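Here is a quick walk through part of a helical bundle's worth of detail, one neighbourhood at a time. Have a look at the chain first.

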Amino acid sequence: MLTIVMLTGCASPSDLSRQQWSTSDLAGGKEFDPAMHERISRALVHADEQSLRATLDQQPDNVSAAISLARALLARNSSDEALQVLNEVLLAAPGDLRALNAKGVVLDQQGRHEEAQVLYRQGLAIEPTNSMLRNNLELSAALEGKTDIRNFNQELQPGDE
C-alpha cells in the first residue's frame, strides 16, 4: 500500500517552483532502467485486467468495465479476446450504444469492416443523431474503400439495422 504523507515546513511552494530537478537527481543519480519500467507496466496492466474481469463477473452489464478491459486487451494485441468481452456485455446490455461502437471499432481494427458497419447502423437505428457512431461508420466505409461517403450517408434511415 502506498501512503502519502504531507510534510509541512519543509519547503514553500515558491521554493519548489524555483528549483529545477534533473531525472538523475530524482533517481538518486542512477540511470532509469527501461526493462524495469516495462515489467512494472505489464504487472499494472495485468492487475487492472484482473480487476476489470472481477467487476464484470459481478456486474455483467457494466459497459464501462467491458470497454476498459477491451482496450487493455487490444493494447496487448488480443483482439479476439476483446471481442469476446464485448459480445458478453452485449448479451447483458443489448443495444448499448457504447458497446456496439466498441465492438465495431475492434472489428474495424481486424479489417472486418462490413461487420463493423452493421453494428454502427444498429446503433444509429437507436440514436440516429449519434455523431460517434456516424463518424465511425464513415471511417469504416473509408477504410473499406467505399469512396462515395455522401451516398453512403443518405442510405442511413432511422429504421435501418
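H5 goes past H6 in a left-handed crossing, meaning that the near helix is turned anticlockwise from the far one by less than a right angle. Their axes come within 10 Å and cross at roughly 160 degrees, so H5 and H6 run roughly antiparallel (an angle over 145 degrees). On the H5 side, the contact (heavy atoms within 4.5 Å) is made by Ser79, Ala82, Leu83, Leu86, Asn87, Val89 and Leu90. H6 brings Ala99, Leu100, Ala102, Lys103, Val106 and Leu107 to it. Axes here are lines fitted to C-alpha atoms, for helices over the stretch in contact, and angles run from 0 to 180 degrees between N-to-C directions.

A word on where this comes from: the model is predicted, with local features needing pLDDT of at least 70 and side-chain atom pairs counting only at pLDDT 80 or more, while totals for chains, interfaces and linings use all residues. Residues are numbered from 1 along each chain as its sequence is written, and side-chain values use heavy atoms, with hydrogens and water left out.

The other pair to look at is H7 and H8, which pack at about 160 degrees with axes 9 Å apart. That makes H7 roughly antiparallel to H8, and H7 passes H8 in a left-handed crossing. Here are the two pairs together.

| Helix pair | Angle | Axis distance |
|---|---|---|
| H5 and H6 | roughly 160 degrees | within 10 Å |
| H7 and H8 | about 160 degrees | 9 Å |

Among the H7 residues that meet H8 are His113, Ala116, Gln117, Tyr120 and Leu124. Their opposite numbers in H8 include Leu133, Leu137, Ser140, Leu143 and Glu144. His113 is worth a stop: this H7 residue is buried (under 20% relative accessible area, 1.4 Å probe, protein chains only), at 13%. Not counting residues up to four places away in sequence, His113 touches Ser140, Leu143 and Glu144, and also Leu107 and Asp108.

Those last two take us back to H6, as both Leu107 and Asp108 are on its list of buried residues. H6 covers residues 97-109, a DSSP run (H or I, at least four residues, numbered from the N terminus). Its 13 residues reach 18 Å from first C-alpha to last, close to the 18 Å expected at 1.5 Å a residue (times one less than the number of residues). How many of its residues are buried? It's 10 of the 13, so to speak mostly covered, and the cover includes H4 (63-75), H5 (79-92), H7 (113-126) and H8 (131-144). At the N-terminal end, Asp96 caps H6, with a side-chain oxygen 3.0 Å from the backbone nitrogen of Arg98. Just after H6, Gly111 takes a positive phi of about 85 degrees.

Then there are the loops. Ala93 sits between H5 and H6 and is buried, with a relative accessible area of 14%. Leaving out residues up to four places away, Ala93 touches Asp61 and Val63. Its C-alpha is 8.2 Å from that of Pro60, 33 residues apart along the chain.

Asn62 lies in the loop between H3 (34-58) and H4. The Asn62 side chain makes a polar contact (N or O atoms within 3.5 Å, one able to donate a hydrogen and the other to accept it, and residues adjacent in sequence counting only if both atoms are side-chain atoms) with the side chain of Gln59, at 2.8 Å. A polar atom of the Asn62 side chain also lies 2.9 Å from the backbone nitrogen of Ala65. Beyond neighbours within four places, Asn62 is in contact with Thr55, Leu56 and Val89.

Notes: Buried < 20%, exposed > 50% of the residue type's maximum accessible area, 1.4 Å probe, protein only. Parallel < 35°, antiparallel > 145°, perpendicular 65-115°, else oblique.
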